Amino acid sequence: MANENLIEIKNLVTHYITDDGVVEAVNGINLSIKKGESLGLVGETGAGKTTTALSILRLVPDPPGKIISGEIIYNGEDLLKKPIKEMRKIRGGQISMIFQDPMTALNPILTVGEQIAEVVRQHNDVTRAESHQRAVEMLEMVGIQGERAHEYPHQFSGGMKQRVVIAIALACNPHFLIADEPTTALDVTIQAQVLEMISELQKKLGTSMMLITHDLGVVAETCEQVAVMYAGEIVEYGTLEHIFNHTSHPYTEGLFGSIPSLDKSVTRLKPIKGLMPDPSNLPSGCSFHPRCEYATDLCAERCPVDTEIEPGHIVRCLKFEDGRHGEW
Ligand code: SF4
(Lines give C-alpha, C1' and ligand atoms only; values in the text may rest on other atoms or scores of the structure.)
Protein backbone atom coordinates (compact mmCIF):
# COMPACT_ATOMS: atom_id res chain seq x y z
CA MET A 1 0.00 0.00 0.00
CA ALA A 2 3.11 2.22 -0.09
CA ASN A 3 1.89 4.03 -3.21
CA GLU A 4 -1.50 4.98 -1.83
CA ASN A 5 -2.22 8.69 -1.57
CA LEU A 6 -2.58 9.86 2.01
CA ILE A 7 -3.76 13.28 0.97
CA GLU A 8 -5.08 14.58 -2.32
CA ILE A 9 -5.91 18.22 -2.97
CA LYS A 10 -8.21 18.83 -5.92
CA ASN A 11 -8.87 22.26 -7.42
CA LEU A 12 -8.52 24.09 -4.10
CA VAL A 13 -9.49 27.78 -4.20
CA THR A 14 -9.04 29.93 -1.06
CA HIS A 15 -9.63 33.69 -1.05
CA TYR A 16 -9.58 36.48 1.52
CA ILE A 17 -12.53 38.80 1.07
CA THR A 18 -11.55 42.24 2.37
CA ASP A 19 -13.02 45.76 2.10
CA ASP A 20 -10.26 46.56 -0.39
CA GLY A 21 -11.04 43.64 -2.68
CA VAL A 22 -10.67 39.89 -3.02
CA VAL A 23 -7.20 38.49 -2.33
CA GLU A 24 -6.90 35.40 -4.52
CA ALA A 25 -4.37 33.53 -2.38
CA VAL A 26 -4.88 29.98 -3.70
CA ASN A 27 -6.28 29.50 -7.21
CA GLY A 28 -7.12 25.93 -8.13
CA ILE A 29 -4.25 23.81 -6.92
CA ASN A 30 -3.96 20.04 -7.36
CA LEU A 31 -1.46 17.85 -5.56
CA SER A 32 -1.18 14.56 -3.77
CA ILE A 33 1.16 13.05 -1.19
CA LYS A 34 1.62 9.34 -0.73
CA LYS A 35 2.00 7.56 2.59
CA GLY A 36 5.50 8.11 3.99
CA GLU A 37 6.42 10.55 1.18
CA SER A 38 7.69 14.12 1.56
CA LEU A 39 6.72 16.94 -0.76
CA GLY A 40 8.43 20.33 -0.93
CA LEU A 41 6.09 23.25 -1.61
CA VAL A 42 8.37 25.96 -2.98
CA GLY A 43 7.80 29.57 -3.92
CA GLU A 44 8.43 33.20 -3.04
CA THR A 45 6.73 34.97 -0.15
CA GLY A 46 3.10 35.62 -1.04
CA ALA A 47 2.77 32.63 -3.41
CA GLY A 48 0.00 31.07 -1.26
CA LYS A 49 2.03 28.32 0.43
CA THR A 50 0.93 29.00 4.00
CA THR A 51 -2.71 29.54 2.94
CA THR A 52 -2.57 26.08 1.32
CA ALA A 53 -1.37 24.60 4.62
CA LEU A 54 -3.98 26.47 6.66
CA SER A 55 -6.68 25.31 4.22
CA ILE A 56 -5.71 21.66 4.81
CA LEU A 57 -6.09 22.18 8.56
CA ARG A 58 -9.22 24.34 8.07
CA LEU A 59 -7.47 27.11 10.01
CA VAL A 60 -7.88 29.90 7.43
CA PRO A 61 -9.19 32.83 9.53
CA ASP A 62 -12.84 33.24 8.50
CA PRO A 63 -13.61 36.12 7.98
CA PRO A 64 -11.86 37.34 5.87
CA GLY A 65 -10.63 33.95 4.56
CA LYS A 66 -12.91 31.54 2.73
CA ILE A 67 -12.31 28.18 1.09
CA ILE A 68 -14.31 28.83 -2.06
CA SER A 69 -14.16 25.39 -3.66
CA GLY A 70 -12.21 22.19 -4.01
CA GLU A 71 -11.67 18.97 -2.13
CA ILE A 72 -9.01 17.86 0.35
CA ILE A 73 -9.25 14.09 0.45
CA TYR A 74 -7.48 12.66 3.49
CA ASN A 75 -7.66 8.90 4.06
CA GLY A 76 -10.51 8.75 1.55
CA GLU A 77 -12.65 11.51 3.15
CA ASP A 78 -13.04 15.18 2.26
CA LEU A 79 -11.69 17.31 5.14
CA LEU A 80 -13.68 20.29 3.85
CA LYS A 81 -16.91 18.44 4.63
CA LYS A 82 -15.96 17.38 8.17
CA PRO A 83 -17.68 18.98 11.17
CA ILE A 84 -15.37 21.32 13.11
CA LYS A 85 -15.47 18.98 16.13
CA GLU A 86 -13.97 16.17 14.06
CA MET A 87 -11.38 18.53 12.56
CA ARG A 88 -10.22 19.40 16.09
CA LYS A 89 -9.47 15.72 16.71
CA ILE A 90 -7.60 15.41 13.41
CA ARG A 91 -5.48 18.53 14.02
CA GLY A 92 -2.50 17.81 16.25
CA GLY A 93 -3.45 14.12 16.32
CA GLN A 94 -3.41 12.81 12.74
CA ILE A 95 -2.25 15.99 10.97
CA SER A 96 0.08 18.39 12.72
CA MET A 97 2.00 21.49 11.81
CA ILE A 98 5.37 22.98 12.73
CA PHE A 99 5.08 26.76 12.49
CA GLN A 100 7.84 29.14 11.36
CA ASP A 101 8.60 30.84 14.62
CA PRO A 102 9.17 28.76 17.78
CA MET A 103 9.00 31.96 19.87
CA THR A 104 5.31 32.40 19.13
CA ALA A 105 4.40 28.71 18.91
CA LEU A 106 5.27 28.00 22.57
CA ASN A 107 3.41 29.20 25.67
CA PRO A 108 5.92 31.10 27.85
CA ILE A 109 4.17 30.29 31.14
CA LEU A 110 4.01 26.50 30.80
CA THR A 111 6.94 24.11 31.08
CA VAL A 112 7.91 22.47 27.80
CA GLY A 113 7.05 19.04 29.26
CA GLU A 114 3.52 20.20 30.10
CA GLN A 115 3.07 21.62 26.59
CA ILE A 116 3.93 18.27 25.01
CA ALA A 117 1.92 16.30 27.61
CA GLU A 118 -1.15 18.49 27.02
CA VAL A 119 -1.26 17.57 23.32
CA VAL A 120 -0.81 13.88 24.18
CA ARG A 121 -3.76 14.02 26.64
CA GLN A 122 -5.98 15.84 24.16
CA HIS A 123 -5.67 13.09 21.58
CA ASN A 124 -5.20 9.94 23.67
CA ASP A 125 -6.89 8.35 26.64
CA VAL A 126 -3.91 8.51 29.00
CA THR A 127 -3.24 9.57 32.60
CA ARG A 128 -1.23 12.70 33.48
CA ALA A 129 1.72 10.53 34.49
CA GLU A 130 1.64 8.65 31.17
CA SER A 131 1.42 11.88 29.17
CA HIS A 132 4.42 13.28 31.06
CA GLN A 133 6.36 10.09 30.43
CA ARG A 134 5.59 10.50 26.70
CA ALA A 135 6.77 14.15 26.88
CA VAL A 136 10.11 13.03 28.31
CA GLU A 137 10.46 10.39 25.57
CA MET A 138 9.65 12.94 22.88
CA LEU A 139 12.21 15.43 24.24
CA GLU A 140 14.84 12.71 24.15
CA MET A 141 13.83 11.78 20.61
CA VAL A 142 14.55 15.35 19.46
CA GLY A 143 17.89 15.40 21.28
CA ILE A 144 16.97 17.22 24.51
CA GLN A 145 17.65 15.64 27.93
CA GLY A 146 14.41 14.35 29.45
CA GLU A 147 15.03 16.08 32.78
CA ARG A 148 14.66 19.45 31.04
CA ALA A 149 10.90 18.74 30.70
CA HIS A 150 10.24 20.93 33.77
CA GLU A 151 11.98 23.97 32.25
CA TYR A 152 10.25 26.92 30.55
CA PRO A 153 10.72 28.02 26.91
CA HIS A 154 12.89 31.03 27.89
CA GLN A 155 15.49 28.61 29.28
CA PHE A 156 16.08 27.16 25.78
CA SER A 157 17.97 28.57 22.78
CA GLY A 158 16.14 29.23 19.47
CA GLY A 159 17.23 25.89 17.97
CA MET A 160 16.24 24.00 21.13
CA LYS A 161 12.83 25.72 21.16
CA GLN A 162 12.25 24.60 17.58
CA ARG A 163 13.14 21.04 18.66
CA VAL A 164 10.46 21.33 21.36
CA VAL A 165 7.95 22.50 18.72
CA ILE A 166 8.89 19.48 16.61
CA ALA A 167 8.44 17.20 19.65
CA ILE A 168 4.93 18.66 20.16
CA ALA A 169 4.08 18.15 16.48
CA LEU A 170 5.23 14.51 16.51
CA ALA A 171 4.00 13.58 20.01
CA CYS A 172 0.85 11.86 18.73
CA ASN A 173 2.55 10.04 15.82
CA PRO A 174 0.74 12.08 13.15
CA HIS A 175 0.20 10.53 9.73
CA PHE A 176 0.82 13.86 8.03
CA LEU A 177 3.17 16.64 9.09
CA ILE A 178 3.15 20.14 7.64
CA ALA A 179 6.40 22.02 8.29
CA ASP A 180 6.06 25.70 7.39
CA GLU A 181 9.54 27.19 6.88
CA PRO A 182 10.65 25.32 10.05
CA THR A 183 14.17 26.69 10.04
CA THR A 184 13.67 30.28 8.86
CA ALA A 185 13.83 31.76 12.37
CA LEU A 186 16.98 29.80 13.30
CA ASP A 187 20.69 30.56 12.98
CA VAL A 188 22.17 29.23 9.75
CA THR A 189 24.53 27.02 11.74
CA ILE A 190 21.69 25.00 13.27
CA GLN A 191 19.27 25.07 10.32
CA ALA A 192 20.89 22.01 8.75
CA GLN A 193 20.80 20.07 12.04
CA VAL A 194 17.11 20.76 12.61
CA LEU A 195 16.21 19.86 9.00
CA GLU A 196 18.15 16.65 9.18
CA MET A 197 16.38 15.78 12.41
CA ILE A 198 12.91 16.44 10.94
CA SER A 199 13.79 14.33 7.92
CA GLU A 200 15.15 11.43 10.02
CA LEU A 201 12.14 11.41 12.35
CA GLN A 202 9.73 11.62 9.41
CA LYS A 203 11.33 8.56 7.82
CA LYS A 204 11.63 6.65 11.11
CA LEU A 205 7.97 7.24 12.00
CA GLY A 206 6.71 6.74 8.41
CA THR A 207 5.01 10.16 8.47
CA SER A 208 4.08 11.91 5.21
CA MET A 209 5.31 15.49 5.10
CA MET A 210 4.68 18.73 3.27
CA LEU A 211 7.68 21.01 3.70
CA ILE A 212 6.99 24.64 2.87
CA THR A 213 10.06 26.61 1.92
CA HIS A 214 11.46 29.23 -0.44
CA ASP A 215 14.77 27.37 -0.51
CA LEU A 216 15.37 24.84 -3.29
CA GLY A 217 18.48 23.61 -1.48
CA VAL A 218 16.35 22.53 1.49
CA VAL A 219 13.99 20.70 -0.86
CA ALA A 220 16.85 18.86 -2.56
CA GLU A 221 18.04 17.56 0.83
CA THR A 222 14.68 16.58 2.23
CA CYS A 223 11.95 15.84 -0.34
CA GLU A 224 11.02 13.28 -2.99
CA GLN A 225 8.30 15.31 -4.70
CA VAL A 226 8.31 19.05 -5.46
CA ALA A 227 5.50 21.51 -6.20
CA VAL A 228 6.51 24.99 -7.36
CA MET A 229 3.92 27.61 -6.47
CA TYR A 230 3.42 31.02 -8.06
CA ALA A 231 0.58 33.50 -7.46
CA GLY A 232 -1.66 30.89 -5.87
CA GLU A 233 -1.10 28.20 -8.52
CA ILE A 234 1.16 25.18 -8.79
CA VAL A 235 3.07 25.90 -11.97
CA GLU A 236 5.33 22.84 -11.96
CA TYR A 237 4.99 19.57 -10.11
CA GLY A 238 6.99 16.37 -10.20
CA THR A 239 9.73 14.31 -8.61
CA LEU A 240 12.99 15.84 -7.43
CA GLU A 241 14.56 14.50 -10.65
CA HIS A 242 11.87 16.16 -12.83
CA ILE A 243 12.18 19.56 -11.18
CA PHE A 244 15.97 19.66 -10.82
CA ASN A 245 17.05 17.86 -14.00
CA HIS A 246 14.17 18.46 -16.43
CA THR A 247 13.23 21.98 -15.28
CA SER A 248 10.46 23.12 -17.60
CA HIS A 249 8.36 26.02 -16.32
CA PRO A 250 9.94 29.46 -16.96
CA TYR A 251 9.35 30.43 -13.31
CA THR A 252 11.16 27.33 -12.00
CA GLU A 253 13.96 28.09 -14.47
CA GLY A 254 14.11 31.60 -12.99
CA LEU A 255 14.29 30.23 -9.43
CA PHE A 256 17.28 28.08 -10.36
CA GLY A 257 18.91 31.00 -12.20
CA SER A 258 18.75 33.16 -9.09
CA ILE A 259 20.65 30.78 -6.79
CA PRO A 260 24.42 30.31 -6.77
CA SER A 261 25.77 27.00 -8.07
CA LEU A 262 29.09 25.35 -7.25
CA ASP A 263 29.24 23.71 -10.70
CA LYS A 264 28.86 26.81 -12.85
CA SER A 265 31.04 29.88 -12.89
CA VAL A 266 28.90 32.98 -13.36
CA THR A 267 29.84 36.59 -12.77
CA ARG A 268 26.30 37.62 -11.82
CA LEU A 269 23.24 35.69 -10.68
CA LYS A 270 20.17 36.19 -12.81
CA PRO A 271 17.23 37.25 -10.62
CA ILE A 272 13.67 36.98 -11.95
CA LYS A 273 12.77 40.50 -13.05
CA GLY A 274 9.82 42.23 -11.36
CA LEU A 275 7.84 41.22 -8.31
CA MET A 276 5.19 38.68 -7.38
CA PRO A 277 1.85 40.22 -8.51
CA ASP A 278 -0.63 41.68 -6.05
CA PRO A 279 -2.99 38.74 -5.33
CA SER A 280 -5.95 41.15 -5.23
CA ASN A 281 -5.16 42.29 -8.77
CA LEU A 282 -3.68 39.35 -10.67
CA PRO A 283 -2.59 39.84 -14.29
CA SER A 284 -4.86 38.47 -17.05
CA GLY A 285 -3.99 35.15 -18.70
CA CYS A 286 -0.90 33.51 -17.23
CA SER A 287 -0.12 35.31 -13.93
CA PHE A 288 3.60 35.01 -14.65
CA HIS A 289 3.46 36.76 -18.04
CA PRO A 290 4.66 40.24 -16.90
CA ARG A 291 7.88 38.61 -15.62
CA CYS A 292 8.34 35.81 -18.16
CA GLU A 293 11.05 36.12 -20.78
CA TYR A 294 9.16 33.74 -23.11
CA ALA A 295 5.79 35.54 -22.87
CA THR A 296 3.84 36.18 -26.09
CA ASP A 297 0.55 38.04 -26.66
CA LEU A 298 -1.29 34.78 -26.12
CA CYS A 299 0.07 34.55 -22.55
CA ALA A 300 -1.76 37.74 -21.54
CA GLU A 301 -5.02 36.36 -22.94
CA ARG A 302 -5.22 32.68 -22.10
CA CYS A 303 -4.82 30.96 -18.71
CA PRO A 304 -2.60 27.88 -19.03
CA VAL A 305 -3.87 24.52 -17.79
CA ASP A 306 -1.94 21.56 -16.39
CA THR A 307 -0.06 19.54 -19.02
CA GLU A 308 1.63 16.24 -18.12
CA ILE A 309 4.86 16.42 -20.11
CA GLU A 310 6.19 13.06 -18.88
CA PRO A 311 4.60 10.62 -16.42
CA GLY A 312 4.12 12.48 -13.12
CA HIS A 313 5.68 15.75 -14.36
CA ILE A 314 3.06 18.47 -14.70
CA VAL A 315 3.61 21.99 -16.04
CA ARG A 316 1.14 24.88 -16.24
CA CYS A 317 2.47 26.89 -19.20
CA LEU A 318 1.11 27.56 -22.70
CA LYS A 319 4.49 26.65 -24.18
CA PHE A 320 3.64 23.01 -23.42
CA GLU A 321 0.03 23.03 -24.63
CA ASP A 322 -1.34 22.07 -28.05
CA GLY A 323 1.63 19.77 -28.74
CA ARG A 324 4.20 22.56 -28.47
CA HIS A 325 6.62 20.61 -26.16
CA GLY A 326 8.17 23.77 -24.69
CA GLU A 327 8.90 25.54 -28.01
CA TRP A 328 6.97 28.53 -29.35
FE1 SF4 B 1 5.65 32.32 -19.70
FE2 SF4 B 1 3.55 32.21 -21.31
FE3 SF4 B 1 4.37 30.01 -20.10
FE4 SF4 B 1 3.19 31.93 -18.71
S5 SF4 B 1 2.26 30.70 -20.30
S6 SF4 B 1 5.00 30.85 -18.13
S7 SF4 B 1 3.96 33.74 -19.72
S8 SF4 B 1 5.49 31.22 -21.60
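A nonpolar patch here is built from residues with over 30% relative accessible area and no salt bridge, their nonpolar side chains being joined within 5 Å. With that in mind, and remembering that this is a predicted model, begin the tour at the surface by selecting I17, V22 and I68, which form such a patch with about 240 Å² of accessible area together. Within this group, V22 can be found in strand 2, which runs over residues 21-34, and V22 is partly exposed, with a relative accessible area of 36%.

**Into the interior**

Next, hide the surface and select I56, I178 and M210, the residues with the most contacts inside the largest nonpolar core, a set of 80 residues. Colouring helix 6, residues 158-170, shows the element that gives the most to this core, with seven residues. If you then centre on I56 and leave aside its neighbours within four places in sequence, the residues in contact with I56 are I7, I9, I72, L79, M87, I95, F176, I178 and M210.

**Unusual backbone geometry**

From I56, move on to the loop between helix 1 (49-56) and strand 4 (65-74), where P63 lies. A cis peptide bond joins D62 and P63, with omega about -5°, and the peptide bond from P63 to P64 is also cis, with omega near 0°. P64 is likewise placed in the loop between helix 1 and strand 4, and R58 is found in that loop as well. The backbone at R58 has a positive phi of about 55°, although R58 is not a glycine. These values stand out because most residues other than glycine have a negative phi, and most peptide bonds are trans. For another case, select N11, which lies in strand 1 and has a positive phi of about 50° without being a glycine; N11 is partly exposed, at a relative accessible area of 47%.

**Charged pairs**

Side chains of opposite charge can pair when their charged atoms come close. The structure holds 15 salt bridges, and three of the pairs are visited here. Select K35 and E4, whose side chains meet in a salt bridge at 3.2 Å, N to O. Because K35 lies in the loop between strand 2 and strand 3 (38-42) while E4 lies in the segment before strand 1 (5-18), this pair ties together parts that are 31 residues apart in sequence. Both ends can be reached from outside to some degree, since K35 is partly exposed at 37% and E4 is partly exposed at 32%.

Turn then to R121 and E114, which form a salt bridge whose closest N and O atoms are 2.7 Å apart. Here R121 counts as partly exposed at 22% relative accessibility, whereas E114, at 13%, counts as buried.

The next pair to select is R324 and D322, whose side chains meet in a salt bridge at 3.3 Å, N to O. R324 is partly exposed, with a relative accessible area of 22%, while D322 counts as exposed at 56%. Adding R302 and E321 to the selection completes a network in which salt bridges that share partners join R302, E321, D322 and R324.

**Cysteines**

As a last stop, which cysteine sulfur is nearest to that of C303? A search of the whole structure finds zero disulfides, and C303 is in none, the nearest cysteine sulfur being that of C286, 8.1 Å away. C286 counts as buried at 14% relative accessibility, whereas C303 counts as exposed at 52%.

How values were computed: Residues are numbered from 1 along each chain as its sequence is written. This is a predicted model: local features need pLDDT of at least 70, side-chain atom pairs count only at pLDDT 80 or more; totals for chains, interfaces and linings use all residues. Side-chain values use heavy atoms; hydrogens and water are left out. A nonpolar core is a set of buried Ala, Val, Leu, Ile, Met, Phe, Trp, Tyr and Cys residues joined through side-chain atoms within 4.5 Å. Buried means under 20% relative accessible area, exposed over 50%, partly exposed in between (1.4 Å probe, protein chains only). Helices (H or I, at least four residues) and strands (E, at least two) are DSSP runs, numbered from the N terminus. Contact means heavy atoms within 4.5 Å. Patches are made of residues with over 30% relative accessible area and no salt bridge: like charges are joined within 9 Å, nonpolar side chains (Val, Leu, Ile, Met, Phe, Trp, Tyr) within 5 Å. Accessible areas come from the Shrake-Rupley method with a 1.4 Å probe; for residues, only the protein chains shown count as cover. A salt bridge is a side-chain nitrogen of Lys or Arg within 4 Å of a carboxyl oxygen of Asp or Glu. A disulfide is a pair of cysteine sulfur atoms within 2.5 Å.
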